[in-house]
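Trainee: Could you walk me through this model before I go back to the bench?
Mentor: Gladly; have a look at it first, and then ask whatever comes to mind.

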Amino acid sequence: MNIALRILGWDLRNLFRGRWIPVYAGLLLGLTDLLFRFGGSGERVIRSLTNVVLLLVPLVALVFGSMRL
């Protein structure tokens, strides 16, 4: 278990060295804030965020994966 946590820590540090992960998280946080302000009820916001995540996550993963290769 200790080795798995150590590897997880190394991977998280490696992820946050790049500038894109905080930008991606900030984008999703800003989108969530805008949806809560203008979207209405919480159920509609969650449904909208699910749709955005289902579209955006594979596209971002594809771009990161191709950059990694």
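Mentor: One term to settle before we start is contact, which means heavy atoms within 4.5 Å. The model is a predicted one, in which local features need pLDDT of at least 70 and side-chain atom pairs count only at pLDDT 80 or more, while totals for chains, interfaces and linings use all residues. Residues are numbered from 1 along each chain as its sequence is written, and side-chain values use heavy atoms, with hydrogens and water left out.

Trainee: OK, what does the secondary structure come to?
Mentor: There are three helices and zero strands, and from the N terminus the order is α-α-α. Helices (H or I, at least four residues) and strands (E, at least two) are DSSP runs, numbered from the N terminus.

Trainee: Is the protein a compact globule or more spread out?
Mentor: More spread out, because its radius of gyration is 16 Å, well over the 11 Å that the globule rule gives for 69 residues. That radius is taken over C-alpha atoms, and the rule is 2.2 Å times the number of residues to the power 0.38. Along the principal axes, the C-alpha atoms fill a box of roughly 45 × 30 × 20 Å.

Trainee: And how much of the protein is buried?
Mentor: Of the 69 residues, 9% count as buried, where buried means under 20% relative accessible area, exposed means over 50%, and partly exposed lies in between (1.4 Å probe, protein chains only).

Trainee: Which residues of α3 are buried, and what do they pack against?
Mentor: Val45, Leu49 and Val60 are the buried residues of α3, and the buried residues of that helix pack against α2. Leu34 has its place in helix α2, residues 20-38, and its C-alpha atom is separated by 9.5 Å from that of Val45, 11 residues apart along the chain. Leu34 itself counts as partly exposed, because its relative accessibility is 46%.

Trainee: Does the length of α3 agree with its residue count, and what are the numbers behind that?
Mentor: Helix α3 covers residues 42-68, and at 1.5 Å a residue its 27 residues should span 39 Å, which agrees with end C-alpha atoms 37 Å apart. The expected span is 1.5 Å times one less than the number of residues.

Trainee: Switching topic, how many salt bridges are there?
Mentor: A search of the whole structure finds two, a salt bridge being a side-chain nitrogen of Lys or Arg within 4 Å of a carboxyl oxygen of Asp or Glu. Asp33 pairs with Arg37, with the closest N and O atoms 3.0 Å apart, and Arg47 meets Glu43 at 2.9 Å, N to O.

Trainee: Where do the partners sit along their helices?
Mentor: Asp33 and Arg37 both lie in helix α2, four residues apart, or about one turn, and Arg47 and Glu43 are likewise separated by about one helical turn, being four residues apart in helix α3. An α-helix has 3.6 residues a turn, so residues three or four places apart point the same way.

Trainee: Are those side chains buried or exposed?
Mentor: Asp33 is partly exposed at 35% relative accessible area, whereas Arg37 is exposed at 61%; Arg47 is partly exposed at 45%, and Glu43 is exposed at 57%.
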